[in-house]
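Trainee: Before we look at particular side chains, could you take me through the reasoning behind the labels, one at a time?

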Amino acid sequence: MIQETPEAERFKQQMRDSLRHETLNSRAVTIPRHANVYTCGDQDETVYFIESGQIKLLVVSPEGKECLLAIHGGGDIFGELCLSGLGARHETAVAMKETKLKQIPCEQFFARLNRDALSEGFVRYLAVRVADQQQVIANLVTVDSEQRLGKTLLQLARSIGKKDPHSIRIELKITHEELSEMIGTTRPRVSLFMQRFHNLGLMETNKDRFFIIKEKKLTDYLAQIA
């Protein structure tokens, strides 16, 4: 898991402000819960900006098995692989709850980055995303499923969670099945590890079924079992 630098956080905020300005007069598209924004194989040269809601990106094997790649929330962009010119989408984007999106054609997106001098920052942002994906791949072959689950919870907390002095709250209902798709193991094993994390005081679940991650405790535990 790659820790984002203060510079990366500043760039993300600058990019969000720039895209909000770019799409100020654009009509937001509302995607119902569980509906697809696009599907693997679609020809879609559009970058998407999330005004509110959550989107998950996944790939599906020929046998129908899903692998959850990432979860994005308000202020994030997704679908930026269209900027590569590779053509068809390689993943499917699904709304986890009702989500409002702004659509930005590739050429317009590039023009906006140039206009606001954000091109260099965007390259750095993508490099961090690539490094993060490489770390995920490395974890799949070098650490056990309990550590992968703990690292995934920390990554989700740091990317889409809300901090308080002692914990980070993930205000999104993520199922054990979805977590199993992210770390490449079975749902029963995820449930076993989640119960262990609860028993050890590394996390809690509130009445809304949101995860509350005790960041330091979970980080220390993962270091201990590594």
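Mentor: Let us start with a definition: buried means under 20% relative accessible area, exposed means over 50%, and partly exposed is in between. Please keep in mind that this is a predicted model.

Trainee: Why is Arg20 called partly exposed?

Mentor: Arg20 has 40% relative accessibility, and because partly exposed covers what lies between 20% and 50%, Arg20 counts as partly exposed. Asp17, at 42% relative accessibility, also counts as partly exposed.

Trainee: What makes Glu51 and Lys102 a salt bridge?

Mentor: The definition asks for a side-chain nitrogen of Lys or Arg within 4 Å of a carboxyl oxygen of Asp or Glu; for Glu51 and Lys102 the N to O distance is 3.3 Å, so the pair qualifies as a salt bridge. Glu51 lies in strand 3 and Lys102 in strand 8, so the pair ties together parts that are 51 residues apart in sequence.

Trainee: How do you know that Lys102 is buried?

Mentor: The relative accessible area of Lys102 is 5%, and because buried means under 20%, Lys102 is buried, whereas its partner Glu51, with 37%, is partly exposed.

Trainee: What makes Arg112 and Asp116 a salt bridge, and what are they linked to?

Mentor: Their side chains meet at 3.1 Å, N to O, which is within 4 Å, so the definition is met. Arg112 and Asp116 are linked with Glu22 and Arg115 in a network of salt bridges. Arg112 counts as buried at 10% relative accessibility, while Asp116, with a relative accessible area of 31%, is partly exposed.

Conventions: Residues are numbered from 1 along each chain as its sequence is written. This is a predicted model: local features need pLDDT of at least 70, side-chain atom pairs count only at pLDDT 80 or more; totals for chains, interfaces and linings use all residues. Side-chain values use heavy atoms; hydrogens and water are left out. Buried means under 20% relative accessible area, exposed over 50%, partly exposed in between (1.4 Å probe, protein chains only). Helices (H or I, at least four residues) and strands (E, at least two) are DSSP runs, numbered from the N terminus.
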